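Okay, thanks for coming, everyone. I'd like to spend a couple of minutes on charged side chains today, so let me put the structure up.

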Amino acid sequence: MATPHAQAVWGALCPEVGREIPRTRVRMDRDDGGIVLRVEASDLGALRAALNSYLRWIRISEEIGNMVGEQHG
């Protein structure tokens with residue numbers, strides 16, 4: 001994922017990557033100014049739950065980054 005808020009998103013997701021989500025393993029790496037999120041799950045339900053959680057956290061981080069940027073721009 002390429003985003004102007006990659007650093008903020010990275011910081012927001014780091015604690016979540018360390019948490020245990022049942023039947024799921026998550027890795028996060030940096031790549032060319034963006035973030036690569038790898039999600040492995042033992043079944044489709046676990047994959048869907050993990051993806052929904054991470055996508056929600058990413059969206060919230062992006063929205064906060066946009067709001068902060070508007071206040072300082």
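I'll go through some of the salt bridges and where their partners sit.

Just so it's said up front, this is a predicted model. So, how many salt bridges does the structure hold? There are six.

Let's begin with Arg19, which pairs up with Glu16; their closest N and O atoms are 3.2 Å apart. Now, are these two buried or exposed? Arg19 comes out as exposed, because its relative accessibility is 55% and the cut-off for that label is over 50%. Glu16, on the other hand, has a relative accessible area of 12%, so that one is buried.

Next one: Asp43 and Arg23. Here the closest N and O atoms are 2.6 Å apart. And what does this pair tie together? Well, Asp43 sits in the loop between strand E2 (34–41) and helix H2 (44–72), while Arg23 is in the loop between helix H1 (6–18) and strand E1 (24–31), so the bridge connects parts that are 20 residues apart in sequence. As for accessibility, Asp43 is at 31%, which counts as partly exposed.

Then there's Arg38 with Asp29, where the closest N and O atoms are 2.6 Å apart. Arg38 has a relative accessible area of 40%, making it partly exposed, and Asp29, at 25%, gets the partly exposed label too.

And that pair isn't on its own: which residues are linked with it in a network? Arg27 joins in, so to speak: Arg27, Asp29 and Arg38 are linked in a network of salt bridges.

That's it from me. Over to you for comments.

Note on methods: Residues are numbered from 1 along each chain as its sequence is written. This is a predicted model: local features need pLDDT of at least 70, side-chain atom pairs count only at pLDDT 80 or more; totals for chains, interfaces and linings use all residues. Side-chain values use heavy atoms; hydrogens and water are left out. A salt bridge is a side-chain nitrogen of Lys or Arg within 4 Å of a carboxyl oxygen of Asp or Glu. Buried means under 20% relative accessible area, exposed over 50%, partly exposed in between (1.4 Å probe, protein chains only). Helices (H or I, at least four residues) and strands (E, at least two) are DSSP runs, numbered from the N terminus.
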